[in-house]
2 protein chains.
Amino acid sequence: MKLEKAAAQLEALGNPTRLQLYRILVRAGDDGLAVGSVQGKLDIPSSTLSHHLKRLVDTGLVTQERQATTLICRANYPGMNALIGYLADECCADATCAPAASKALV
Amino acid sequence: MKLEKAAAQLEALGNPTRLQLYRILVRAGDDGLAVGSVQGKLDIPSSTLSHHLKRLVDTGLVTQERQATTLICRANYPGMNALIGYLADECCADATCAPAASKALV
DNA sequence: ACGCTATTTCCATATTTTTCGAAATTGAGT
DNA sequence: ACTCAATTTCGAAAAATATGGAAATAGCGT
């Protein structure tokens, strides 16, 4: 994982609306969720939602798949895990990282 | 961990310069690093560095401690772990999270 | 082809972020 | 008090982001 990519993903998640959006997709699981359904849950204009979604897709945190007229969105778990791995790796490079939490990631 | 706080921390790390800065502090370990030393490694103007550092401190990812005229900066490991925990928690809320990695965090 | 629904793109604006020189501040040490 | 070094604050300009209305597009079903 390159620093630039990690930063882009972190920035993508670093917006309350997008973090909430991502969380909704995570909750939806493997079935994913149509853009319209997400919109219903977030109650924001479709154009705004589309912009945020694009950001998440572009950074590799979300994938999309067409099903007829609707677009199914899914959280990209491996992508998130790579990011978490990157952070944990940084965090524990020094081994003084307090909790055993991220060590389990190694 | 509240969504707002998580988003603020993610946004703070979501800037290449700040992520690099944070990484430098992580590498420095418990001894921490003076602002001036960090500046030497990053080669950016002090005022710019100060702004970035403030952002990391404000979001709780970095702590600072005065030692005479120099300010020692340290990565806040527990803070980072809380963030990683939050992300992992989100990621695995659905249990379809592919790798076993973040499961170990629970 | 037409109509319908879902979603995106275009465009424009308000806000926030990034950047950094210059000036101010802080805290020894003398 | 004075000076030097370290760091922050001020002020300001350029760039990026966030937001959303309106128009365009895509893809069925008829």
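A residue is taken to be near a DNA strand if one of its heavy atoms lies within 4 Å of that strand, and helices and strands of the protein are DSSP runs numbered from the N terminus. On this basis, in what is a predicted model, the largest share of the surface near DNA strand C, five residues, is supplied by H4(B). Around DNA strand C there are 23 residues in total, and the closest of them are Gly36(A), Leu71(A), His51(B), His52(B) and Arg55(B). By residue type, this surface near DNA strand C is made up of five nonpolar, 14 polar and four charged residues. On the side of the nucleic acid, 59% of the atoms of DNA strand C within 4 Å of the protein belong to sugar or phosphate, the rest belonging to bases.

Several polar contacts to the phosphates of DNA strand C were computed, and they involve both protein chains. In chain B, a polar side-chain atom of Arg55(B) is placed 2.9 Å from a phosphate oxygen of DNA strand C, and a polar side-chain atom of Asn15(B) is placed 3.1 Å from a phosphate oxygen of that strand. In chain A, an N or O atom in the side chain of Ser50(A) is 3.2 Å from a phosphate oxygen of DNA strand C. The elements giving two or more residues to the surface near DNA strand C are helix H3 (35–42), helix H4 (46–58) and strand S3 (70–75) of chain A, together with helix H4 (46–58) of chain B.

DNA strand D is likewise surrounded by 23 residues, of which His51(A), His52(A), Arg55(A), Gly36(B) and Leu71(B) come nearest. Of the atoms of DNA strand D that come within 4 Å of the protein, 55% are accounted for by sugar and phosphate. At least two residues of the surface near DNA strand D are supplied by each of H4 of chain A and, in chain B, helix H3 (35–42), H4 and strand S3 (70–75), and the largest share, five residues, comes from H4(A). The residues of the surface near DNA strand D divide into five nonpolar, 14 polar and four charged.

Among the polar contacts to DNA strand D, a polar side-chain atom of His52(A) lies 2.6 Å from a phosphate oxygen, and an N or O atom in the side chain of Thr48(A) is 3.1 Å from a phosphate oxygen. A contact of another kind is made by Thr69(B), a polar backbone atom of which is 3.4 Å from a sugar or linking oxygen of DNA strand D. His52(A) has its place in helix H4 of chain A; with a relative accessible area of 15%, His52(A) falls under the 20% limit and therefore counts as buried, an assignment that considers the protein chains only. Beyond its neighbours within four places in sequence, His52(A) is in contact with Asn15(A), Thr17(A), Arg18(A) and Leu21(A).

Chain A contains five helices and three strands, which follow one another along the sequence in the pattern α-α-β-α-α-β-β-α. Of its 106 residues, 45% count as buried. Among the contacts in chain A between residues at least 6 apart in sequence, 53% join residues at least 24 apart.

In soluble globular proteins, nonpolar side chains tend to be buried together. In the present model, the largest nonpolar core has 60 residues, and those with the most contacts inside it are Leu13(A), Tyr22(A), Leu25(A), Leu13(B), Tyr22(B) and Leu25(B). The surroundings of Leu13(B) include residues of both chains: neighbours within four places in sequence aside, Leu13(B) is in contact with Ala7(A), Leu10(A) and Leu87(A), and also with Leu19(B), Tyr22(B), Leu56(B), Leu61(B), Met80(B) and Leu83(B).

Another buried residue of chain B is Leu42(B), which is found in helix H3 and has a relative accessibility of 12%. Leu42(B) and Ile24(B) are separated by 18 residues in sequence and by 9.0 Å in space, C-alpha to C-alpha. Apart from neighbours within four places in sequence, the contacts of Leu42(B) are with Gln20(B), Leu21(B), Ile24(B) and Leu49(B).

As to the cysteines, Cys73(A) is buried, with a relative accessible area of 0%, and Cys73(B) is buried, with a relative accessible area of 0%. With a disulfide taken as a pair of cysteine sulfur atoms within 2.5 Å, the count over all chains comes to zero.

Definitions and conventions: Residues numbered from 1 in each chain as written. Chains lettered and ligands numbered in written order. Predicted model: local features only at pLDDT ≥ 70, side-chain atom pairs only at ≥ 80, totals over all residues. Heavy atoms only, no water. Polar contact = N/O pair within 3.5 Å; in protein donor to acceptor, adjacent residues only side chain to side chain. Helix = DSSP H or I, 4+ residues; strand = E, 2+ residues; numbered from the N terminus. Nonpolar A, V, L, I, M, F, W, Y, C, P; charged D, E, K, R; others polar. Core = buried A, V, L, I, M, F, W, Y, C linked by side-chain atoms within 4.5 Å. Buried < 20%, exposed > 50% of the residue type's maximum accessible area, 1.4 Å probe, protein only. Contact = heavy atoms within 4.5 Å.
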